[in-house]
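Here's a quick look through the helices of this one. Pull up the view and follow along.

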Amino acid sequence: MDTNNKINNELDLPQFIKKLQKEDNFIGGLYKVLEIMYLIWILLYLLGIIVGVFFMKDLSVNYLKHTCVLSSLIFIYLFLRKRKKEYQNVDYSQTTYDMLKKTVLRYKYYRKEDTLIIIAVSILFIGLGLDNYRGFWHYQIYAWSCVIVCTILGSIWWYFKLKPLKDKANELIKEIEE
Amino acid sequence: MKEERFNKIVSENSERIKRICRYYNDNIADQQDMYQEILTNIWKSLDKFRGDAMLSTWIYRIAVNVSITYASKSVKRSKLYVNAETDNLSELIADDNPNETLKEEQQIQDLQNAINTLSVIDKALISLTLEGLTIKEIANVIGITEPNVKVKIHRIKTQLKEKLKDES
């Protein structure tokens with residue numbers, strides 16, 4: 001058929017594979033950049049503690065602060081890495097029903113495990129607030145105000161961009177279940 | 001290795017994929033977009049294919065899921081296109097008499113209109129029926145039970161027949 005041939009001729013398979021590999025490499029590259037960035041951040045923080053304690057003999061080091069900051073940074077890093085993978089590797093080879101169920105879960109406004117990130121951010125802010133030049137409570141107000149502003153912006157984005165997709169997926173699930 | 005496997009799958013199943021693309025798009029550019037989108041997702045999911053399902057079922061899953069995602073993003077794309085050359089077309093309205101065929105252009109146009117009043121999932125079921133998939137295979141693609149597929153397809157066919165009757 002004519003239509004058939006046209007599709008065939010327009011697709012150069014080796015070139016297409018190159019494009020795919022490029023896309024895979026790009027996503028993989030982004031992961032690497034993110035991974036290295038966080039790793040550098042964590043290592044620099046550790047280095048700062050080591051230099052302070054062993055070389056500058058700063059005995060007033062706040063172990064509670066460093067434990068809070070380091071543990072939460074590592075946790076947030078792992079959490080975001082897992083989320084990114086989940087969004088970037090959507091599996092279209094599942095059954096339609098499973099794919100739609102996972103879409104709804106992905107685009108949910110709040111997921112159970114999000115509580116963990118709130119706890120981690122709270123621990124991070126507690127850590128950063130200790131010894132902060134602004135003072136502990138002043139720093140908390142400042143940090144949480146930033147979080148609230150970001151949450152509002154994120155919610156607006158979710159409402160207009162992701163909620164319609166979630167609603168559509170829900171509609172289709174209902175249709176399948178009918 | 002992945003490249004060889006991918007090449008083999010595409011060359012063996014390109015007709016199948018193109019047919020699905022033609023059901024959902026009436027112009028070459030959109031067919032081409034969807035075809036590329038399906039191939040992209042075959043590439044991405046290739047490592048996950050363990051052979052639990054038949055390869056053809058796996059390909060159909062990707063094709064149908066991509067088409068549903070297309071439909072969710074754009075109303076324009078949520079149409080199903082059939083023509084006189086579409087295989088198994090008579091299957092849709094001729095349960096009792098399989099020899100009955102749709103020949104007249106007007107009949108096909110009416111059927112086309114009737115199909116496009118169906119929901120996205122019903123259209124997906126229709127496209128798989130037109131592909132000649134068995135009830136079991138359709139159930140494996142959509143992820144529902146075989147009796148459920150039977151009921152749905154029966155309901156769709158009844159709906160189409162009624163609509164065609166109203167038209168005539």
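Helix 3 of chain A (residues 63–88) tucks away, as buried residues, Lys65(A), His66(A), Cys68(A), Val69(A), Leu70(A), Ser72(A), Leu73(A), Ile76(A), Tyr77(A), Phe79(A) and Arg83(A); buried means under 20% relative accessible area with a 1.4 Å probe, protein chains only. At 1.5 Å a residue (times one less than the number of residues), its 26 residues should span 38 Å, and the end C-alpha atoms are 37 Å apart, which agrees.

This is a predicted model, so local features need pLDDT of at least 70 and side-chain atom pairs pLDDT 80 or more, while totals for chains, interfaces and linings use all residues. Residues are numbered from 1 along each chain as written, chains are lettered from A and ligands numbered from 1 in written order, and side-chain values use heavy atoms, without hydrogens and water.

Now chain B. Its elements run α-α-α-α-α-α-α from the N terminus, with helices being DSSP runs of H or I, at least four residues, and strands E runs of at least two.

| Chain B item | Value |
|---|---|
| Secondary structure | seven helices, zero strands |
| Buried residues | 54% of 168 residues |
| Accessible surface (Shrake-Rupley, 1.4 Å probe) | about 8,100 Å², 46% from carbon and sulfur atoms |

Helix 1 (residues 2–24) and helix 2 (residues 28–45) of chain B have axes (lines fitted to C-alpha atoms over the stretch in contact, angles from 0 to 180 degrees) that come within 9 Å and cross at roughly 145°. The contact (heavy atoms within 4.5 Å) includes Phe6(B) and Ile9(B) of helix 1 of chain B and Leu39(B) and Trp43(B) of helix 2 of chain B.

Note on methods: Buried < 20%, exposed > 50% of the residue type's maximum accessible area, 1.4 Å probe, protein only.
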